[in-house]
Amino acid sequence: PHLASAGLAHLRLDGSTRDRGAVVDAFQREGGPPVLLLSLKAGGTGLNLTAADHVFLLDPWWNPAAEDQAADRAHRIGQDKPVMVYRLVAKDTVEERILALQEKKRALADAAIGEGGGAAGGITRDDLLALLS
């Protein structure tokens with residue numbers, strides 16, 4: 001509603017979108033709407049959004065790879081502009097705690113599968129259980 005009241009043309013792609021291809025084609029088209037609203041799950045896979053040069057993540061997901069994959073939709077072959085990814089999080093909110101969980105999961109994953117040979121030696125049983133829960 002805020003985009004419409006500001007007169008800013010936009011499209012929306014979420015789980016209820018029937019023709020994802022038509023929405024993406026309209027956004028990608030020369031002179032297409034400058035804003036595409038995507039849900040993280042609906043927009044996280046199978047899209048090529050090279051018309052996008054700014055990505056705003058507004059709803060953090062517990063799995064950081066899901067956010068990375070969604071932002072990567074703009075970093076595709078054919079992208080000719082720098083892409084800026086922004087994460088908006090309010091202080092002292094559940095979203096801030098989700099970001100802390102993401103950081104812990106990234107650190108555990110890096111230690112478990114990262115290079116450095118013995119890096120995984122510092123992972124405790126509780127850390128592994130937290131990663132899998």
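**Surroundings of His-10, the nonpolar core and an aromatic pair**

His-10 is located in strand β1 of this predicted model, and its relative accessible area of 30% places the residue in the partly exposed class. Beyond its neighbours up to four places away in sequence, His-10 is in contact with Leu-3, Ala-4, Pro-33, Val-35 and Leu-37. For one of these partners, Pro-33, the C-alpha atom is separated from that of His-10 by 5.2 Å, although the two residues are 23 residues apart along the chain. A polar atom of the His-10 side chain also lies 3.0 Å from the backbone oxygen of Leu-8.

The largest nonpolar core comprises 16 residues, of which Leu-11, Leu-13, Phe-27, Leu-36, Leu-49 and Val-55 touch the most other members. At least two residues of this core are supplied by each of β1 (10-13), α2 (20-28) and β3 (54-57), and the greatest contribution, 4 residues, is that of α2. When residues up to four places away in sequence are not counted, Phe-27 touches Leu-11, Gly-32, Pro-33, Pro-34, Val-35, Leu-36, Leu-49, Ala-51 and Ala-52.

A search of the whole structure returned 1 aromatic pair, formed by Phe-56 and Tyr-86 in a stacked arrangement, with 4.9 Å from centre to centre and 15° between the planes. The pair links distant parts of the chain, since Phe-56 belongs to strand β3 and Tyr-86 to strand β4 (residues 84-87), 30 residues apart. Both partners are partly exposed, Phe-56 with a relative accessible area of 47% and Tyr-86 with one of 31%.

Conventions
Residues are numbered from 1 along each chain as its sequence is written. This is a predicted model: local features need pLDDT of at least 70, side-chain atom pairs count only at pLDDT 80 or more; totals for chains, interfaces and linings use all residues. Side-chain values use heavy atoms; hydrogens and water are left out. A nonpolar core is a set of buried Ala, Val, Leu, Ile, Met, Phe, Trp, Tyr and Cys residues joined through side-chain atoms within 4.5 Å. Buried means under 20% relative accessible area, exposed over 50%, partly exposed in between (1.4 Å probe, protein chains only). Contact means heavy atoms within 4.5 Å. Rings of Phe, Tyr and Trp (its six-membered ring) pair if their centres lie within 6.5 Å; planes under 30 degrees apart count as stacked, over 60 as edge-to-face and the rest as tilted. A polar contact is a pair of N or O atoms within 3.5 Å; within protein, one must be able to donate a hydrogen and the other to accept it, and residues adjacent in sequence count only if both atoms are side-chain atoms.
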